[in-house]
Every structure is written in structure tokens, then in C-alpha cells.
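Visitor: Could you take me through one part of this structure up close? I'd like to see how a pair of helices packs, and where charged side chains pair up.

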Amino acid sequence: MSERKVKNRWLIALGAVGIHISIGSVYAWSNFTGPLGEEFGWTSQQVQLTFSLAILFLGLSAAFLGWFVEKYGPRVAGITAAIFFGVGVFGSGFAIQLESLWALYFFYGVLGGIGLGVGYIAPVSTLVKWFPDRRGLATGMAIMGFGFAAAIASPVMDWLIGSVGIAMTFFILGVSYFAIMILSSLYLSRPPEGWTPKGYNPDEEKDVKSQDLANIRAKESLKTKRFYYLWIMLFINITCGIAVISAAKPLAENSVGMSAGAAATLVGVMGVFNGLGRIGWASASDYIGRSNTYIIFFALQIPLFMLLPITTSVTLFVVFFGIIYTCYGGGFATLPAFIGDLFGTKELGAIHGYILTAWAAAGLAGPQFAAIMNDLTGSYANSMIYFGVLFIVALVVSILTKVDIKKKQSAMREKQSNA
């Protein structure tokens, strides 16, 4: 194929951002927590279950539909995601008109969640193939959109709920996200067979540290320790981070006395940190290594989660939240590149989907635990210390991962020297 016919990989990246900036609006769900509780008398746990179901079905659809993305390509997968997510959000408006919590669970949680999962992995696995020279930067760009989405969606949702009501807010958002995702999907495609970017020659990558540890199929990855190390690290990072994100607005109001408006602004501002963490940490991982990046995530968050419940300063609260959000987003964005390093790109989308079952499990565990603690004790802050302890476990696993990688690299060096 001539160079003239090859698509612009930066426009592919832009399409990926368009999809992620739409589905990432799920992170602004806490804007609905108060209004839904006030209007229908639903408990925080009942409302949070909608968010948890969306994340559960995100993980399940990513795991079980990874083959769909690999078989039909990113364009078809992106359009499929647009249909599910658009109908899910739009249908939530009918659920509100019916005053049905179960209908809300079905539309936003199940249908929206399936759209989230397919829309999440389709552009990411494609971008890794378009950017073999900068995997961290590539996945960071796509997943950055997912993080920045709350910064855009949160104030818009808050304004729409106050202006046109909850049901109409869902109708408007459903149509808008459907249109953006369809347009973004149309340019997506895999790179041509054998294509490499100008100036990049994979045959020159002789250093073991710059080589993939393996190039295996998804089912084979399940037989390795490295797969389960990644799963545990992702599960803990998401369980703790997503609990804070899902309860960000009420936590800010109750812990440091922010007004409802200021707390809604904080949710949006934290979305910026989430997005910056995704592009920043993922890009940095190209230079400092993926395993070192994860070790830093957990070492930083242990003291932050321990200190959050006793923090009374608004400034410190915002700083702590900002750092937590960058680590949370960075964990997602660095993961696909990490998968490529450890397992190769042969079936990266499918392997990514398998590991995202950790997101499904964490989507249930984190927000539900935080909501139960709030219902029982009257405060979300009481769950933070438990999450801090979980990060200690994650730190140990991240160190074990680094040790395992070094052993594999030593074996590769020995094999090369004997060849």
C-alpha cells in the first residue's frame, strides 16, 4: 500500500479521544446522586448501584467482546458502542419519567455499560498498533479523553439538571454522545499489514529492555503469573479510586464543608487531573518503565488515603484528591502499553478485555463499600483507611511484578548470548 493511502495516525488518535470523551462521562455520575435521592427518596446505595452496574458491564463486555473488536475492527466496534451507550443514556430519561429504579439500572447500567466496554477497548488496542514507537503516549492520548470527560460533563450535567430536569438531561446527553461517537468511529481503522511509522525500525530494537517479553495469544496469557499480577494491581487501584470518584461530591461537602456548587466544580476540576494523569503518567512510562510507574502509584496513595479522613483543610483536600486522580487515571492509561510489553500485540485487545474484568469487580466493590459505610456511619470518609491498607497489598504485588520481569529479561539475555 502506498504511503499516500495510509491514514493519519494522529487523526486516528483524535477519533479515539472522541469516543472516550463521550463514554468517560460515566465519571460524572455523582452529579445525579443528590438530585435522584431528593426527587425519589432513593438511598445513596441504591443510586450508586446504577454506576456500579455500568462499570460491571463495562468490564464484562470488554472481557467477552474483545474477540468482536479483533474480528470486526475498530470502526464496527465503535459504531456498536455508540448505539449501546447512546440508547442507554437516552433510555435513562424514560426510566426517570417512569420513576423506575430498575429501568434506570437496565438502561444506564446494562446497556450503557456494554457501550462503555466495547467503546473503551476498540480505539485503545488500535492505537497501540499505530504507535509502536510510543505505546504509553498512544494509550495515554485515548484514555486521556475518558479522564477529561468529567471536567466537561460535570458542569454541563449540573446546569442541565437545574434547568430542564433529570429526564431531559438524559435525553439531551444520549443524543449528543451518540452523534459524537458515530462521527469519531468512522475514521478508525487498523494500520496496513507490515506498516511502521517513519524513522522506526523494530529490527533495530536489540536491547532486551525495549523488547516485548512475549508475543502470545489471549488464552496463553492466562497461564502466566504476570497476568494475575496486573489484574490484582488494576483491581486495587480501581476499587480505591473509583470509590472516591463515585462519592466525590458528597465527600467534599461533608468532609471539608464545600458548598454543593463548589463540590460540583471540584468534580469537574478533578476530571482534568484524571485526564492529565492519563497522558502524563502513560507518556512517562515510556521512559521510566511500566513497573516503576505502578510502584510509584501505590507508594504515593498509601499515605494520601490514610490522611484524607482527618484532613480539614480545603486546600490539602484538593491537592490530595488531585494526586489520587492522576494515579487513578495513570493506572488505566499505562495498562495497555504494559500488556503490550508483557504479552505482545498479537491479541492485545482480547487480553486487555480479560484484565478489565478487574474493573468490573472493582466497580461493584469500591462504590458499594463506600456507600454502605456512608449509610451506616453518615460519612464516606470512614472507608478511606481500609483502602489505604489495600494499597499496601498493591505495592507488594507491583514489586513482585518487577522481580518477575527482571527474571524473564535475564533469561532472554542468556538465550541471546547463547545464540
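Guide: One bit of groundwork: a helix axis here is a line fitted to C-alpha atoms over the stretch in contact, and angles run from 0 to 180 degrees between N-to-C directions. Keep in mind, too, that this is a predicted model.

Now look at helix H12 (residues 290–307) and helix H13 (residues 314–343), which pack at an angle of about 155° with their axes 10 Å apart. Angles over 145 degrees count as roughly antiparallel, so that's what H12 is to H13. Their crossing is left-handed.

Who's touching whom? On H12, the contact residues include Tyr294, Phe297 and Leu300, while H13 brings Ile323, Gly330 and Phe338, among others. Sort the residues of this contact and you get 13 nonpolar, six polar and two charged. Arg290 of H12 and Asp341 of H13 are among the contact residues, and both also belong to a network of salt bridges with Arg135 and Asp286.

That brings us to charge pairing. Side chains of opposite charge can pair when their charged atoms come close. The whole structure has eight salt bridges. One of them joins Arg217 and Glu347, at 2.8 Å from N to O. Glu347 sits in the loop between H13 and helix H14 (348–355), and its partner Arg217 is 130 residues away along the chain. Arg217 is partly exposed, at 45% relative accessibility.

For contrast, try Arg226 and Asp404, whose closest N and O atoms are 3.7 Å apart. Arg226 is in helix H9 and Asp404 in helix H16. Buried means under 20% relative accessible area, so Arg226 at 9% counts as buried, and so does Asp404 at 13%.

Methods. Residues are numbered from 1 along each chain as its sequence is written. This is a predicted model: local features need pLDDT of at least 70, side-chain atom pairs count only at pLDDT 80 or more; totals for chains, interfaces and linings use all residues. Side-chain values use heavy atoms; hydrogens and water are left out. Helices (H or I, at least four residues) and strands (E, at least two) are DSSP runs, numbered from the N terminus. Angles under 35 degrees count as roughly parallel, over 145 as roughly antiparallel, 65 to 115 as roughly perpendicular and the rest as oblique. A crossing is left-handed if the near helix is turned anticlockwise from the far one by less than a right angle, and right-handed if clockwise. Contact means heavy atoms within 4.5 Å. Ala, Val, Leu, Ile, Met, Phe, Trp, Tyr, Cys and Pro count as nonpolar, Asp, Glu, Lys and Arg as charged, and the others, Gly among them, as polar. A salt bridge is a side-chain nitrogen of Lys or Arg within 4 Å of a carboxyl oxygen of Asp or Glu. Buried means under 20% relative accessible area, exposed over 50%, partly exposed in between (1.4 Å probe, protein chains only).
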